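Reader: I'd like to learn how to read a structure like this one, feature by feature. Could you take me through it, with the general idea before each case?

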Amino acid sequence: KNQVEQSPQSLVILEGKNCTLQCNYTVTPFNNLRWYKQDNGKGPITLMIMTFSENTKSNGRYAATLDANTKQSSLHITASQLSDSASYICVVRTLCSPGT
């Protein structure tokens, strides 16, 4: 059964500190993994899109890792700011076979 789990469920950190969010998944076949940031009352913003062959990717103060073998991804936020207060969502997309 395909599942995506994130941890921790919630996190409080001091401004200026670094933090890491985890995403574990059992989705197969794997197409890509996406990290989104969603502010209260707004739509999600794409932070990162990672494919099977990408181990690391960065976007400003955000950096993501992906281990396709262990089916884990991490999102690292460096020098957190008040504007980082949001919901972070990990989405794993699967490959669809023709005709589905």
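Author: Gladly. Keep in mind that this is a predicted model. Let's begin with accessibility at one residue. Leu 11 has a relative accessible area of 44% and so counts as partly exposed, since that class lies between buried, under 20%, and exposed, over 50%.

Reader: Where does Leu 11 sit, and which residues is Leu 11 in contact with, leaving aside its neighbours within four places in sequence?

Author: Leu 11 belongs to the loop between E1 and E2. Once neighbours within four places in sequence are set aside, its contacts are Cys 19, Thr 20 and Leu 21. You can also set sequence separation beside spatial separation: Leu 11 and Thr 78 are 67 residues apart along the chain, with 14 Å between their C-alpha atoms.

Reader: How do I read a pocket, and which residues are the closest to the centre of the largest one?

Author: Read a pocket by its volume, then its lining, then the chemistry of that lining. Here the largest pocket has a volume of about 510 Å³. Its lining has 19 residues, and the closest to the centre are Leu 11, Asp 84, Ser 85, Ala 86 and Tyr 88. So our partly exposed Leu 11 turns up again. E2 and E8 are the elements that give two or more residues to this lining. By chemistry, the lining residues divide into 10 nonpolar, seven polar and two charged.

Reader: Now the interior. What is the general idea behind a nonpolar core?

Author: In soluble globular proteins, nonpolar side chains tend to be buried together. In this model, the largest nonpolar core has 20 residues, and those with the most contacts inside it are Tyr 25, Leu 33, Trp 35 and Leu 75.

Reader: Which strands each supply at least two residues of this core, and which gives the most?

Author: Strands E2 (19-25), E3 (30-38), E4 (45-51), E6 (62-67), E7 (72-77) and E8 (87-94) each supply at least two. E2 gives the most, with four residues.

Reader: What about a polar residue such as Ser 73: is it buried or exposed?

Author: Ser 73 has a relative accessible area of 1%, which is under the 20% cut-off, and therefore it is buried. Ser 73 lies in strand E7. For a polar residue in such a place, look for partners of its side chain.

Reader: What does the side chain of Ser 73 reach at 2.7 Å, and which side chain does it make a polar contact with?

Author: At 2.7 Å, the Ser 73 side chain reaches the backbone oxygen of Thr 65. Its polar contact with the side chain of Trp 35 is at 3.0 Å. Trp 35 is one of the residues with the most contacts inside the largest nonpolar core. Beyond four places in sequence, Ser 73 is in contact with Leu 21, Gln 22, Cys 23, Leu 33, Trp 35, Thr 65 and Leu 66.

Reader: How should I read the backbone, starting with cis peptide bonds?

Author: Look at omega across each peptide bond. A cis bond joins Ser 7 and Pro 8, with omega about -10°. Pro 8 lies in the loop between strand E1 (4-7) and E2. Another cis bond runs from Thr 28 to Pro 29, where omega is near -5°, and Pro 29 is in the loop between E2 and E3.

Reader: And phi: where do Lys 71 and Ala 79 lie?

Author: For phi, look for positive values in residues other than glycine. Lys 71 has a positive phi of about 55° and lies in the loop between E6 and E7. Ala 79, with phi near 50°, is in the loop between E7 and E8. Lys 71 is partly exposed at 25% relative accessible area, and Ala 79 is partly exposed at 33%.

Reader: One last case, please: which residues is Val 4 in contact with, leaving aside its neighbours within four places in sequence?

Author: Val 4, in strand E1, is in contact with Cys 23, Asn 24, Tyr 25, Val 27, Cys 90 and Val 92, on that basis. Val 4 and Val 27 are 23 residues apart along the chain, and their C-alpha atoms are separated by 7.4 Å. Its relative accessibility is 36%, so Val 4 counts as partly exposed.

Definitions and conventions:
Residues numbered from 1 in each chain as written. Predicted model: local features only at pLDDT ≥ 70, side-chain atom pairs only at ≥ 80, totals over all residues. Heavy atoms only, no water. Core = buried A, V, L, I, M, F, W, Y, C linked by side-chain atoms within 4.5 Å. Buried < 20%, exposed > 50% of the residue type's maximum accessible area, 1.4 Å probe, protein only. Polar contact = N/O pair within 3.5 Å; in protein donor to acceptor, adjacent residues only side chain to side chain. Contact = heavy atoms within 4.5 Å. 1 Å grid on protein atoms, 1.4 Å probe; cavity = no way out; pocket = protein on both sides within 12 Å on 5 of 7 lines; lining within 4 Å. Points joined across faces, edges and corners; volume = space filled by probe spheres on them. Nonpolar A, V, L, I, M, F, W, Y, C, P; charged D, E, K, R; others polar.
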